Amino acid sequence: MKAIWQNEVIAESDNTVVVENNHYFPPSSVKTTLLSPSKTHTHCPWKGDASYYDVNIHGKTNRDAAWYYPEPMKAAENIKGYIAFWKGVEVVQ
């Protein structure tokens, strides 16, 4: 799987974890130099508290386009630290 925005591959992995139709990429498969921490946080009743990243490519910023669970609840431990994308980031095979 690949996560692409602005014609740039942000993440690529054969080992994503699919949860609620979202592909969560292992941290080691993500170009973290393209991400910057966001102040946004949300809560999922069964996964826990999510933190967000802005995606920065070619001088453009896609705010809160990536998220992860730094300390997920027990039911979502398999995605701890894994990163998922949305807001126009294409996730394709």
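Strands count as paired here if DSSP finds at least two bridges between them. I'm keeping that in mind for the sheets below, and also that this is a predicted model.

**Entry 1: the three-stranded sheet**

I started with the open sheet of three strands, and its order reads β2-β1-β9 with antiparallel pairing. I then looked for the edges. They are β2 and β9 (90-92), each with a single partner strand, so one side of each has no neighbour in the sheet. The twist from one strand to the next averages 30°.

Next I checked how β1 (residues 2-5) is held to β2. Four bridges join the two, and they run antiparallel. For a register marker I noted A3, which stands opposite A11 in β2.

**Entry 2: E8**

I stayed on β2, which covers residues 8-12, and picked E8 from it. Buried or exposed, or in between? E8 comes out as partly exposed, because its relative accessibility is 24% and the in-between class starts where buried, under 20%, ends.

Then I listed what E8 touches beyond four places in sequence: A3, K31, L34, I57 and H58. I also looked up V30. It sits 22 residues from E8 in sequence, and the C-alpha to C-alpha distance is 12 Å.

**Entry 3: the four-stranded sheet**

Over to the other open sheet. Four strands make it up, ordered β5-β6-β7-β8, and the pairing is antiparallel. β5 (35-44) and β8 (83-85) are the edge strands; each has a single partner strand, so one side of each is left without a neighbour in the sheet. On average, neighbouring strands in this sheet are turned by 35° against each other, direction ignored.

I zoomed in on β6 and β7. How many bridges pair them? Six, in the antiparallel sense. One cross-strand partner I wrote down is S51, which stands opposite Y68 in β7.

**Entry 4: D54**

D54 is in strand β6 (residues 48-57). I wanted to know how covered this acidic-looking spot on my list is, and D54 turns out to be buried, with a relative accessible area of 9%.

What does the D54 side chain meet? The side chain of R63, through a polar contact of 3.4 Å. Leaving aside neighbours within four places in sequence, I get L34, L35, S36, S38, T61, N62, R63 and D64 as the contacts of D54.

**Entry 5: aromatic pairs**

I ran through the rings last. Searching the whole structure gives four aromatic pairs. One of them is Y24 with W67: the ring centres are 5.9 Å apart and the planes are at 85°, so I log the pair as edge-to-face. Y24 belongs to strand β4 (residues 22-24) and W67 to strand β7 (residues 60-68), so this pair ties together parts 43 residues apart in sequence. I checked burial for both rings: Y24 is buried at 0% relative accessible area, and W67 is buried at 8%.

Another is Y53 with Y68. Here the centres are 4.9 Å apart and the planes are at 20°, so the pair is stacked. Y53 is in strand β6 and Y68 in strand β7, and the pair links distant parts of the chain, 15 residues apart. Y53 is buried at 17% relative accessible area, and Y68 is buried at 18%.

One last look-up: which residues do ring pairs link into a cluster? Y24, W67 and W86.

Conventions:
Residues numbered from 1 in each chain as written. Predicted model: local features only at pLDDT ≥ 70, side-chain atom pairs only at ≥ 80, totals over all residues. Heavy atoms only, no water. Buried < 20%, exposed > 50% of the residue type's maximum accessible area, 1.4 Å probe, protein only. Contact = heavy atoms within 4.5 Å. Polar contact = N/O pair within 3.5 Å; in protein donor to acceptor, adjacent residues only side chain to side chain. Axes fitted to C-alpha atoms, helices over the stretch in contact; angles between N-to-C directions. Phe/Tyr/Trp six-rings, centres within 6.5 Å; stacked < 30°, edge-to-face > 60°.
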